[in-house]
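This report describes the fold of one protein chain, then its helices, then a few single residues in loops and at a helix.

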Amino acid sequence: MSKSNTAQDAVVIERLFDAPADLIWKMWTDPAHFASWYGPTGFTIPVANMDLRIGGKRQICMSSPDGSMKMWTIGEFTAVDPTTRLAYTESMSDADGNILSPTAMGMPEGTPTTTEVTVQLEERDGRTKMVMTHAGIPADSPGAGGWNQAFDKLLAHVATVLDDQ
């Protein structure tokens, strides 16, 4: 991350779940669970590859509701502390994992090539507080809206999983 990042250069979202931390951890680290909630409303995740270890790679493909647009990202896990902290880098890429320039993808000039997502989990009395920080994405950007929509989907997916138990 660039040292010039400030608080306004990050999306920070806090959510509280009526679920244990190990379940929220699985939502982020199990590809099938991740694909069930990630992305804005209507978007799907046809590919979610994760090598869950520090230095392990992750590759995600997000598809628009009509399937006409696919957005690939690639990254590397930088922290894997089960049930408490997960961090990974993220860059736009093609399907083969080659990193693409953000401006070539229609992003504004100055958008960093690599961003970092950090998820912190804290369990209290069977509930879990999740704080997600996406450094390198401005707090007032469309990315913030996409994350909030994704977390609404996450909340619904967690409820479904708990109902099935």
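In what follows, contact means heavy atoms within 4.5 Å. The model is a predicted one.

**Overall fold**

The protein contains 3 helices and 7 strands. Along the sequence these follow the pattern β-α-α-β-β-β-β-β-β-α. The radius of gyration is 15 Å, close to the 15 Å that the globule rule gives for 165 residues, so the protein is as compact as a globular protein of that length. Along the principal axes, the C-alpha atoms fill a box of roughly 45 × 35 × 30 Å.

Of the 165 residues, 41% count as buried. Among contacts with a separation of 6 or more, 53% are between residues 24 or more positions apart. The accessible surface is about 8,500 Å², and carbon and sulfur atoms account for 52% of that area. There are 12 positive and 21 negative side chains, and the centres of these two sets are 3 Å apart.

**Helices**

Helix α3 covers residues 142–164, 23 residues in total. From its first C-alpha to its last it reaches 33 Å, close to the 33 Å expected at 1.5 Å a residue. Which residues of α3 are buried? They are Ala144, Gly146, Trp147, Ala150, Phe151, Lys153, Leu154, His157, Val158 and Val161. The cover over these buried residues of α3 includes two helices, α1 (21–29) and α2 (31–37). It also includes the strands β1 (10–17), β5 (85–93), β6 (115–124) and β7 (127–135).

Helix α1, part of that cover, is itself largely enclosed by the rest of the structure, because 7 of its 9 residues are buried. The buried residues of α1 are Ala21, Leu23, Ile24, Trp25, Met27, Trp28 and Thr29.

Pro31 belongs to helix α2. Apart from its neighbours within four places in sequence, Pro31 is in contact with Ala48 and Met50. The C-alpha atoms of Pro31 and Lys153 are separated by 15 Å, with the two positions 122 residues apart along the chain. Lys153 is one of the buried residues of α3, whereas Pro31 is partly exposed.

**Single residues and their exposure**

The table lists four residues with their place and relative accessible area.

| Residue | Place | Relative accessible area | Class |
|---|---|---|---|
| Pro31 | helix α2 | 31% | partly exposed |
| Ile54 | loop between β2 (44–50) and β3 (57–63) | 57% | exposed |
| Thr83 | loop between β4 (70–81) and β5 | 28% | partly exposed |
| Asp125 | loop between β6 and β7 | 81% | exposed |

The classes rest on two cut-offs: a residue is exposed over 50% and buried under 20%, with partly exposed in between. At 57%, Ile54 therefore counts as exposed. With a relative accessible area of 81%, Asp125 is exposed as well. Thr83, at 28%, counts as partly exposed.

What does Ile54 touch, leaving aside its neighbours within four places in sequence? Ile54 is in contact with Phe77, Thr78, Ala79 and Val80. The C-alpha atoms of Ile54 and Asp81 are 9.6 Å apart, and the two residues lie 27 residues apart along the chain.

The backbone at two of the loop positions has a feature to note. Phi of Thr83 is near 65°, a positive value in a residue other than glycine. Asp125, in the loop between β6 and β7, also has a positive phi, near 50°, and is likewise a residue other than glycine.

Key
Residues numbered from 1 in each chain as written. Predicted model: local features only at pLDDT ≥ 70, side-chain atom pairs only at ≥ 80, totals over all residues. Heavy atoms only, no water. Helix = DSSP H or I, 4+ residues; strand = E, 2+ residues; numbered from the N terminus. Expected span 1.5 Å × (residues − 1). Buried < 20%, exposed > 50% of the residue type's maximum accessible area, 1.4 Å probe, protein only. Rg over C-alpha atoms; globule rule 2.2 N^0.38 Å. Areas by Shrake-Rupley, 256 points an atom, 1.4 Å probe, with all protein chains shown as cover. Lys, Arg positive; Asp, Glu negative; His and termini not counted. Charge placed at Lys NZ, Arg CZ, Asp CG, Glu CD.
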